[in-house]
Amino acid sequence: MATYETALQVTIGWTIAIWLLNFVCNHAGVMAQAKTGGRPAEDTSLGLSDKQQSLLNSDGSNEATEEKIEYMRWKSITSNNLENIPLGLLVIWVHLISRQWGFQIACTTVWGIGRFMHSISFAKGFRTGRVLGFSVGMASVFILAGDLVYYSFTV
């Protein structure tokens, strides 16, 4: 049976792991930005707008260089992390009040794995893994948030 201490340890552990993931992604983005700009290669099949295409070819060339693609990939990873990690961590930490330790541990772990899967898949250009990781992570946060709403009416 899961305890509060275990749930807290798991929550702290994933918070640190996600912080490190975010740090690594930010660092990689800055290193790529130093080279140039672009858009992830797997997204070109989606049809780029004129503005996105101009970002891809910001130096006036018609060539999507590896440096441009890498820069835009890391920029997108960092932006997505900045948009989604704070809300996820907030919901996870607040959920500790529900006293459902096993549920907390499971959802927090699934969320953390989802965030890692999203970032790693995005970095490697694997769109399916990126979407799956994002969706699983967000679903975990929404489930925890829904449970918090339920808990608030049953206390």
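1. Arg99 sits in the loop between α3 and α4 (helices, H or I of at least four residues, are DSSP runs numbered from the N terminus, as are strands, E of at least two). Its phi is positive, about 60 degrees, although Arg99 is not a glycine. Arg99 is exposed, with a relative accessible area of 63% (exposed means over 50%, buried under 20%, partly exposed in between, with a 1.4 Å probe and protein chains only).

2. This is a predicted model, in which local features need pLDDT of at least 70 and side-chain atom pairs count only at pLDDT 80 or more, while totals for chains, interfaces and linings use all residues. Residues are numbered from 1 along each chain as its sequence is written, and side-chain values use heavy atoms, with hydrogens and water left out.

3. The protein has five helices and zero strands. Of its 155 residues, 40% count as buried. Among contacts (heavy atoms within 4.5 Å) between residues at least 6 apart in sequence, 76% join residues at least 24 apart.

4. Helix α4 has 24 residues and reaches 34 Å from its first C-alpha to its last, close to the 34 Å expected at 1.5 Å a residue (the expected span is 1.5 Å times one less than the number of residues). Gly125 follows α4 and has a positive phi, near 80 degrees.

5. On one side of the Arg99 loop is helix α3 (residues 66-95), whose axis comes within 10 Å of that of α4 and crosses it at roughly 175 degrees (axes are lines fitted to C-alpha atoms, for helices over the stretch in contact, and angles run from 0 to 180 degrees between N-to-C directions). That makes α3 roughly antiparallel to α4 (over 145 degrees; under 35 is roughly parallel, 65 to 115 roughly perpendicular and the rest oblique). By class, this contact has nine nonpolar, 10 polar and two charged residues (Ala, Val, Leu, Ile, Met, Phe, Trp, Tyr, Cys and Pro are nonpolar, Asp, Glu, Lys and Arg charged, the others, Gly among them, polar). Trp74, Ile77 and Ile85 are among the α3 residues involved, and Thr108 and Ala123 among those of α4.

6. Helix α4 (residues 101-124) also packs against helix α5 (residues 127-154), at an angle of about 155 degrees and with the axes 7 Å apart. The two are therefore roughly antiparallel. The residues of this contact divide into 12 nonpolar, seven polar and three charged. They include Cys107, Val110 and Gly114 in α4, and Gly133, Gly137 and Leu144 in α5.
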